[in-house]
Amino acid sequence: MDKKVTQQVTRATFDEVMVPNYAPSAIIPVRGEVSRVWDKEGKEYVDFAGGIAVTALGHSHPTLVNVMREQAGQIWHLSNVMTNEPALRLAKKLTEKTFADRVFFANSGAEANEAAFKLARRYAFDHFGPEKHEIIAFYKSFHGRTLFTVSVGGQAKYKEGFEPTPGGIKHCDYNNIEQLKAIISDKTCAVVMEPIQGEGGIIPADIEFAKQVRELCDQYNALLVYDEVQSGVGRTGTLYAYEQLGVTPDVLTTAKALGNGFPVGAMLATEKAAKSLAFGTHGSTYGGNPMACAIAEAVIDIIDTPEVLGGVAKRHDQFFDGLKAINEKYHVFKDIRGMGLLMGAEVIDSLAGKAGEIVKAAAEEGLFVLVAGPNVLRLAPSLIITEQDIADGLARLDKAIATVIANNQTA
Ligand SMILES: Cc1ncc(COP(=O)(O)O)c(C=O)c1O
């Protein structure tokens, strides 16, 4: 019997029943199509946020909807004690298309990183002994919200009040090889980096820095772990950003766009490194779930094509031209930067801390954008966003910025 009662909920319901760790906007989106979203009242938005760099193929992609329906009608869940066809197909695909020989599936970026950090510790333990356990990461980096990933992450605010956090973790400045040289040692088991820092403010790695990090890892027998949770799956114009840096990591984590919104994450590793997560050392009930893997396989098939990857640079240019034109008009940004469709615009000092105000004003105009810290406006749209949607969204951003400037002049 199909007896479904739909409860009425509003934004106020959040404050009544949810843990207060988020502060969602009052907008209630109910439907999306590629890069347009409609809320409950029927107001339409252009989506430059992509669910925080997740919906790389936009909303309601017809192939993904079909794959999901088909898999749902076959089998939803198996557990890791069964041979799982969608997971194996996806793993084969990921190993064929990247440096990696082996894959571990998780459900999120943090879990993929948790696996990577555990692998790094275990690999060093197996090959060099327990003394070699230090993980080096970079200030401003973000690797997730589990206790281990906030500890490796380079932002103190995410650790505060959760101490004692796991030990054996050091940090230094990103793009500063001298600082890394000063702290790396025979005790280092891994260096962890985002090829472009996302949450930290859209800061790309210098190619020379990235190469020297690789060399230092080789010199000290440390694994190089690339966190491509945000930069991966085509966002920068190649399937993974490492391809553009001329550096190959030993371990790479991916999530976000991999499922285009269906939860899935993966840790990719070389054969040699992967051996250290031997039978029984790590696991996940849902990791490799057939639904997630069937969808992710279709996502990879669609994104890893000349049409989609080849279109990223063109769209990047349209965004950059538009952002520069807005800046010539209002002089609000001191830097516009990024790779592919992971873009940041840092506000001038007199608007410091006001990136969030632009996000709110943009929503009023019918545009979703993001921040990356208090001073950087972040754009992470679908990789298949149309020229028209980019133009319309930029026109709305222009209006939003005019409002923010006017508000700050009268304030
Ligand atoms: C680089 C990076 N790593 C890890 C994470 C955590 O991913 P998740 O929220 O899926 O756990 C994020 C999320 O923003 C991220 O940007």
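## Around the ligand

A backbone N or O atom of G109 sits 2.8 Å from an oxygen atom of the ligand. Keep in mind that this is a predicted model. Q230 joins in through its side chain, where an N or O atom is 2.7 Å from a ligand oxygen atom. F142 uses its backbone instead, with an N or O atom 3.3 Å from a nitrogen atom of the ligand. How much of the ligand's accessible area does the protein cover? On its own the ligand has 390 Å² of it, and the protein covers 81%.

Zooming out a little, 13 residues surround the ligand, and the closest are G109, A110, D227, Q230 and K256. Which element gives the largest share of that shell? That would be helix 5 (residues 109-128), which supplies 3 residues.

## One annotated set of eight positions

UniProt, in an unreviewed entry, puts a "binding site" annotation on G109, A110, F142, D227, E228, V229, Q230 and T285. These positions span 177 residues in sequence and their farthest two C-alpha atoms are 24.9 Å apart, so they don't all gather at one spot.

## A closer look at Q230 and E228

Q230 belongs to the loop between strand 10 and helix 9. Is Q230 buried or exposed? It counts as buried, because its relative accessibility is 7% and the cut-off for buried is under 20%. Leaving out residues up to four places away in sequence, Q230 touches A53, G198, E199, R235, K256, L342 and R378. One of these, K256, is also among the residues closest to the ligand.

E228 is found in the loop between strand 10 (223-227) and helix 9 (242-245). With a relative accessible area of 0%, E228 is buried. Beyond residues up to four places away in sequence, E228 touches P195, Y240, A241, Y242, L252, T253 and T254.

## T254, a partner of E228

T254 is part of strand 11 (residues 251-254), and it is buried, at 0% relative accessible area. Its side chain makes a polar contact with the side chain of Y240, at 2.9 Å.

Setting aside neighbours within four places in sequence, T254 is in contact with A112, E228, V229, V233, Y240, G265 and A266. Two names in that list, E228 and V229, also turn up in the UniProt "binding site" annotation. Y240 is worth a glance on screen: E228 touches it, and T254 is in contact with it too.

## R145 and S284

The unreviewed UniProt entry also places a "binding site" feature at R145 and S284. From this set, S284 is part of the lining of the second largest pocket.

Which of the two is buried, and which is exposed? R145 is exposed, with 58% relative accessible area, whereas S284 counts as buried at 16% relative accessibility. R145 lies in the loop between strand 5 (134-138) and helix 6 (147-152). S284 sits in the loop between helix 10 (271-274) and helix 11 (290-303).

Their contacts, leaving aside neighbours within four places in sequence, go like this. R145 is in contact with A110, V150 and Y158; of these, A110 is listed among the residues closest to the ligand. S284 is in contact with N80, F104, F105, N107 and E111. E111 falls within the residue range of helix 5 (residues 109-128).

How values were computed:
Residues numbered from 1 in each chain as written. Predicted model: local features only at pLDDT ≥ 70, side-chain atom pairs only at ≥ 80, totals over all residues. Heavy atoms only, no water. UniProt positions renumbered as here; feature names shortened; annotations may be inferred. 1 Å grid on protein atoms, 1.4 Å probe; cavity = no way out; pocket = protein on both sides within 12 Å on 5 of 7 lines; lining within 4 Å. Helix = DSSP H or I, 4+ residues; strand = E, 2+ residues; numbered from the N terminus. Buried < 20%, exposed > 50% of the residue type's maximum accessible area, 1.4 Å probe, protein only. Contact = heavy atoms within 4.5 Å. Polar contact = N/O pair within 3.5 Å; in protein donor to acceptor, adjacent residues only side chain to side chain. Near = heavy atom within 4 Å. Areas by Shrake-Rupley, 256 points an atom, 1.4 Å probe, with all protein chains shown as cover.
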